[in-house]
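Biologist: I should like to go through this model and ask, term by term, what each description rests on. Please set each value against its cut-off before drawing a conclusion.

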Amino acid sequence: HRDLHSFPTRRSSDLGESRMGSIQRNSPCPCGSGKKYKNCCFQNQTDHEKQERATDGPMEKLGLAYKAMSEKKWRDAINIFEECLEDRPNSAEIIEAIASCYDGEEDFLRASEFYEKALAVSRDSETAQILYRLGVSRACSGRIEKSVEAFEQAKEAFRAPQEKEAIDKILEELSQINIGKKPLYSFLPLVQIGRASLRERL
(Lines give C-alpha, C1' and ligand atoms only; values in the text may rest on other atoms or scores of the structure.)
Protein backbone atom coordinates (compact mmCIF):
# COMPACT_ATOMS: atom_id res chain seq x y z
CA HIS A 1 0.00 0.00 0.00
CA ARG A 2 1.45 3.36 -1.01
CA ASP A 3 1.50 5.90 1.79
CA LEU A 4 1.43 9.06 -0.29
CA HIS A 5 0.76 11.60 2.40
CA SER A 6 1.78 12.17 5.98
CA PHE A 7 -0.42 14.13 8.36
CA PRO A 8 -0.53 15.28 11.97
CA THR A 9 -3.17 13.90 13.55
CA ARG A 10 -12.20 8.89 15.71
CA ARG A 11 -13.30 7.61 18.15
CA SER A 12 -13.97 3.94 17.50
CA SER A 13 -17.49 2.59 17.74
CA ASP A 14 -18.55 -0.61 19.42
CA LEU A 15 -18.93 -2.30 16.03
CA GLY A 16 -15.28 -3.29 15.60
CA GLU A 17 -13.55 -0.34 14.06
CA SER A 18 -10.68 -2.02 12.25
CA ARG A 19 -12.89 -4.62 10.57
CA MET A 20 -15.66 -2.28 9.50
CA GLY A 21 -13.41 0.68 8.72
CA SER A 22 -11.50 -1.21 6.02
CA ILE A 23 -14.50 -2.58 4.09
CA GLN A 24 -15.36 -1.02 0.74
CA ARG A 25 -18.90 0.40 0.59
CA ASN A 26 -19.96 -1.84 -2.33
CA SER A 27 -18.57 -5.05 -0.81
CA PRO A 28 -20.88 -7.71 0.69
CA CYS A 29 -21.69 -6.85 4.30
CA PRO A 30 -19.66 -9.02 6.73
CA CYS A 31 -22.78 -9.59 8.86
CA GLY A 32 -23.98 -12.13 6.28
CA SER A 33 -27.21 -10.35 5.33
CA GLY A 34 -26.42 -10.60 1.60
CA LYS A 35 -26.75 -6.85 1.22
CA LYS A 36 -24.03 -4.45 0.21
CA TYR A 37 -22.13 -3.00 3.16
CA LYS A 38 -23.28 0.56 2.34
CA ASN A 39 -26.95 -0.54 2.54
CA CYS A 40 -26.55 -2.51 5.75
CA CYS A 41 -24.14 -2.18 8.68
CA PHE A 42 -22.32 0.82 7.21
CA GLN A 43 -25.50 2.90 7.44
CA ASN A 44 -26.24 1.66 10.94
CA GLN A 45 -22.68 2.38 12.02
CA THR A 46 -22.72 5.82 10.43
CA ASP A 47 -26.03 6.77 12.08
CA HIS A 48 -24.78 5.55 15.47
CA GLU A 49 -21.54 7.49 15.21
CA LYS A 50 -23.31 10.66 14.07
CA GLN A 51 -25.45 10.49 17.18
CA GLU A 52 -22.31 10.04 19.30
CA ARG A 53 -20.73 13.10 17.70
CA ALA A 54 -23.87 15.27 17.79
CA THR A 55 -22.71 17.02 20.96
CA ASP A 56 -19.14 17.56 19.71
CA GLY A 57 -18.07 21.05 18.70
CA PRO A 58 -16.47 21.77 15.30
CA MET A 59 -12.89 21.60 16.63
CA GLU A 60 -13.58 18.33 18.46
CA LYS A 61 -14.96 16.81 15.26
CA LEU A 62 -11.94 18.01 13.30
CA GLY A 63 -9.65 16.45 15.88
CA LEU A 64 -11.50 13.14 15.58
CA ALA A 65 -11.19 13.28 11.79
CA TYR A 66 -7.44 13.85 11.89
CA LYS A 67 -7.07 11.08 14.47
CA ALA A 68 -8.88 8.64 12.16
CA MET A 69 -6.68 9.85 9.34
CA SER A 70 -3.49 9.26 11.32
CA GLU A 71 -4.71 5.70 12.00
CA LYS A 72 -5.38 5.22 8.27
CA LYS A 73 -9.11 4.76 8.87
CA TRP A 74 -9.76 6.59 5.63
CA ARG A 75 -13.51 6.01 5.35
CA ASP A 76 -14.13 7.04 8.95
CA ALA A 77 -12.06 10.17 8.44
CA ILE A 78 -13.90 11.08 5.24
CA ASN A 79 -17.28 10.74 6.98
CA ILE A 80 -16.25 13.07 9.82
CA PHE A 81 -14.54 15.59 7.53
CA GLU A 82 -17.75 15.76 5.48
CA GLU A 83 -19.67 16.56 8.67
CA CYS A 84 -17.13 19.31 9.38
CA LEU A 85 -17.76 20.72 5.90
CA GLU A 86 -21.37 21.39 6.87
CA ASP A 87 -20.03 24.02 9.31
CA ARG A 88 -17.16 25.22 7.08
CA PRO A 89 -18.18 24.55 3.45
CA ASN A 90 -15.37 26.66 1.99
CA SER A 91 -12.52 25.27 4.07
CA ALA A 92 -9.66 24.35 1.74
CA GLU A 93 -8.01 22.56 4.67
CA ILE A 94 -10.94 20.16 5.16
CA ILE A 95 -11.50 19.58 1.44
CA GLU A 96 -7.79 18.87 0.97
CA ALA A 97 -7.88 16.44 3.90
CA ILE A 98 -10.75 14.55 2.26
CA ALA A 99 -8.70 14.39 -0.93
CA SER A 100 -5.78 12.95 1.02
CA CYS A 101 -8.04 10.27 2.50
CA TYR A 102 -9.08 9.24 -0.99
CA ASP A 103 -5.36 9.04 -1.80
CA GLY A 104 -5.05 6.72 1.17
CA GLU A 105 -7.79 4.52 -0.32
CA GLU A 106 -5.92 4.73 -3.66
CA ASP A 107 -9.00 6.28 -5.26
CA PHE A 108 -6.86 8.77 -7.13
CA LEU A 109 -9.57 10.07 -9.45
CA ARG A 110 -11.75 11.02 -6.48
CA ALA A 111 -8.72 12.47 -4.71
CA SER A 112 -7.96 14.65 -7.72
CA GLU A 113 -11.55 15.88 -7.78
CA PHE A 114 -11.29 17.06 -4.17
CA TYR A 115 -7.86 18.66 -4.65
CA GLU A 116 -9.41 20.64 -7.50
CA LYS A 117 -12.27 21.69 -5.21
CA ALA A 118 -9.74 22.74 -2.57
CA LEU A 119 -7.89 24.85 -5.12
CA ALA A 120 -11.09 26.74 -5.93
CA VAL A 121 -11.35 28.03 -2.33
CA SER A 122 -7.71 28.05 -1.22
CA ARG A 123 -5.65 31.01 -0.09
CA ASP A 124 -2.52 31.88 -2.05
CA SER A 125 -0.36 30.42 0.71
CA GLU A 126 -2.08 27.02 0.30
CA THR A 127 -2.11 26.83 -3.50
CA ALA A 128 1.38 25.41 -4.11
CA GLN A 129 0.96 22.49 -1.73
CA ILE A 130 -2.47 21.56 -3.13
CA LEU A 131 -1.21 21.74 -6.72
CA TYR A 132 1.71 19.50 -5.76
CA ARG A 133 -0.60 16.87 -4.28
CA LEU A 134 -2.96 17.17 -7.22
CA GLY A 135 -0.02 16.40 -9.50
CA VAL A 136 0.75 13.25 -7.51
CA SER A 137 -2.84 12.00 -7.60
CA ARG A 138 -3.23 12.66 -11.30
CA ALA A 139 -0.01 10.80 -12.03
CA CYS A 140 -1.05 7.84 -9.86
CA SER A 141 -4.30 7.60 -11.82
CA GLY A 142 -2.29 7.48 -15.06
CA ARG A 143 -3.22 10.98 -16.25
CA ILE A 144 0.35 12.03 -16.91
CA GLU A 145 -0.36 15.10 -19.03
CA LYS A 146 -2.77 16.48 -16.42
CA SER A 147 -0.20 15.69 -13.74
CA VAL A 148 2.48 17.63 -15.60
CA GLU A 149 0.09 20.59 -15.83
CA ALA A 150 -0.43 20.57 -12.04
CA PHE A 151 3.28 20.22 -11.27
CA GLU A 152 4.17 23.05 -13.63
CA GLN A 153 1.65 25.28 -11.85
CA ALA A 154 3.06 24.17 -8.50
CA LYS A 155 6.55 25.07 -9.69
CA GLU A 156 5.34 28.57 -10.47
CA ALA A 157 3.65 28.86 -7.08
CA PHE A 158 6.66 27.73 -5.02
CA ARG A 159 9.35 30.37 -4.55
CA ALA A 160 12.56 28.72 -3.36
CA PRO A 161 15.01 27.37 -5.99
CA GLN A 162 15.24 24.04 -4.13
CA GLU A 163 11.50 23.56 -4.47
CA LYS A 164 11.56 24.33 -8.17
CA GLU A 165 14.50 21.95 -8.69
CA ALA A 166 12.65 19.14 -6.89
CA ILE A 167 9.65 19.59 -9.17
CA ASP A 168 11.89 19.72 -12.26
CA LYS A 169 13.15 16.23 -11.37
CA ILE A 170 9.59 14.97 -11.05
CA LEU A 171 8.66 16.54 -14.39
CA GLU A 172 11.63 14.85 -16.07
CA GLU A 173 10.59 11.48 -14.64
CA LEU A 174 7.00 12.03 -15.80
CA SER A 175 8.23 12.78 -19.31
CA GLN A 176 10.03 9.41 -19.33
CA ILE A 177 6.86 7.69 -18.11
CA ASN A 178 4.79 9.43 -20.77
CA ILE A 179 6.92 8.02 -23.60
CA GLY A 180 7.00 4.56 -22.07
CA LYS A 181 10.62 4.49 -20.90
CA LYS A 182 9.75 4.27 -17.20
CA PRO A 183 6.95 2.46 -15.29
CA LEU A 184 4.09 4.55 -13.91
CA TYR A 185 5.13 4.64 -10.26
CA SER A 186 8.83 5.31 -10.87
CA PHE A 187 8.25 8.96 -9.95
CA LEU A 188 7.10 8.18 -6.39
CA PRO A 189 10.59 8.08 -4.77
CA LEU A 190 11.17 11.59 -6.11
CA VAL A 191 7.81 12.68 -4.71
CA GLN A 192 8.66 11.37 -1.26
CA ILE A 193 12.03 13.15 -1.29
CA GLY A 194 10.50 16.28 -2.75
CA ARG A 195 7.67 16.38 -0.25
CA ALA A 196 10.05 16.00 2.69
CA SER A 197 11.97 19.10 1.64
CA LEU A 198 8.81 21.03 0.77
CA ARG A 199 7.15 20.30 4.12
CA GLU A 200 10.05 21.97 5.92
CA ARG A 201 9.25 25.21 4.12
CA LEU A 202 5.44 25.18 4.34
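Biologist: Why does Lys67 count as partly exposed?

Modeller: The model is a predicted one, and in it Lys67 has a relative accessibility of 36%. Buried requires under 20% and exposed requires over 50%; a value of 36% lies in between, and therefore Lys67 is partly exposed. Lys67 belongs to helix H3, residues 58–70. Its C-alpha is 7.9 Å from that of Ala77, a residue 10 positions away in sequence.

Biologist: What makes Glu156 exposed rather than partly exposed?

Modeller: The relative accessible area of Glu156 is 64%. Exposed begins over 50%, so Glu156 is placed in that class. Glu156 is part of helix H8. Its C-alpha is separated by 8.1 Å from that of Ala128, and the two residues are 28 apart along the chain.

Biologist: What is the backbone setting of Lys72, and how do you know whether its side is buried or partly exposed?

Modeller: Lys72 lies in the loop between H3 and H4 and has a positive phi of about 60°, although it is not a glycine. Its relative accessible area is 44%. That value falls between the 20% and 50% limits, so Lys72 is partly exposed.

Biologist: Why is Glu106 described as buried, or as partly exposed?

Modeller: As partly exposed: the relative accessible area of Glu106 is 30%, and buried would require under 20%. Glu106 is in the loop between H5 and helix H6 (108–121). The phi of Glu106 is near 60°, a positive value in a residue other than glycine.

Biologist: Where do glycines take a positive phi after a helix?

Modeller: Gly142 does so just after H7, with a phi of about 85°. Gly180, just after H9, takes a positive phi of about 85°.

Biologist: How do you know whether H7 and H8 are parallel or antiparallel?

Modeller: The axes of H7 (residues 124–140) and H8 (residues 144–157) cross at roughly 160° and come within 8 Å. Angles over 145 degrees count as roughly antiparallel, and therefore H7 and H8 are roughly antiparallel to each other. Their crossing is left-handed. Among the H7 residues in this contact are Leu131, Tyr132, Leu134 and Val136; the H8 residues include Ile144, Phe151, Ala154 and Ala157.

Biologist: What makes H5 and H7 parallel or antiparallel?

Modeller: The axes of H5 (residues 92–104) and H7 cross at roughly 20° and come within 11 Å. An angle under 35 degrees counts as roughly parallel, so H5 is roughly parallel to H7. H5 passes H7 in a left-handed crossing. The contact involves Ala92, Glu96, Ser100 and Asp103 of H5, together with Glu126, Gln129, Ile130, Arg133 and Ser137 of H7.

Biologist: Why are H4 and H5 called roughly antiparallel?

Modeller: H4 (residues 74–87) and H5 pack at an angle of about 165°, with their axes 9 Å apart. The cut-off is over 145 degrees, and H4 and H5 are therefore roughly antiparallel to each other. The crossing of H4 past H5 is left-handed. Contacts come from H4 residues including Trp74, Ile78, Phe81 and Leu85, and from H5 residues including Ile94, Ile98, Cys101 and Tyr102.

Biologist: What makes H7 a mostly covered helix, and how does its span compare with the expected one?

Modeller: In H7, 13 of 17 residues are buried, that is, under 20% relative accessible area. From its first C-alpha to its last, H7 reaches 25 Å, close to the 24 Å expected at 1.5 Å a residue.

Biologist: Which residues of H9 are buried, and what is the span of this helix?

Modeller: H9 (residues 161–178) has 18 residues and reaches 25 Å, close to the expected 26 Å. Its buried residues include Ala166, Ile167, Ile170, Leu171, Leu174 and Ile177. Residues three or four places apart in an α-helix point the same way, because there are 3.6 residues a turn.

Biologist: How many helices and strands does the protein have, and what part of it is buried?

Modeller: The protein has 10 helices and 0 strands. Of its 202 residues, 46% count as buried. Its accessible surface comes to about 10,500 Å², with 48% belonging to carbon and sulfur atoms.

Conventions
Residues numbered from 1 in each chain as written. Predicted model: local features only at pLDDT ≥ 70, side-chain atom pairs only at ≥ 80, totals over all residues. Heavy atoms only, no water. Helix = DSSP H or I, 4+ residues; strand = E, 2+ residues; numbered from the N terminus. Expected span 1.5 Å × (residues − 1). Buried < 20%, exposed > 50% of the residue type's maximum accessible area, 1.4 Å probe, protein only. Areas by Shrake-Rupley, 256 points an atom, 1.4 Å probe, with all protein chains shown as cover. Axes fitted to C-alpha atoms, helices over the stretch in contact; angles between N-to-C directions. Parallel < 35°, antiparallel > 145°, perpendicular 65-115°, else oblique. Left-handed = near helix turned anticlockwise from the far one by under 90°. Contact = heavy atoms within 4.5 Å.
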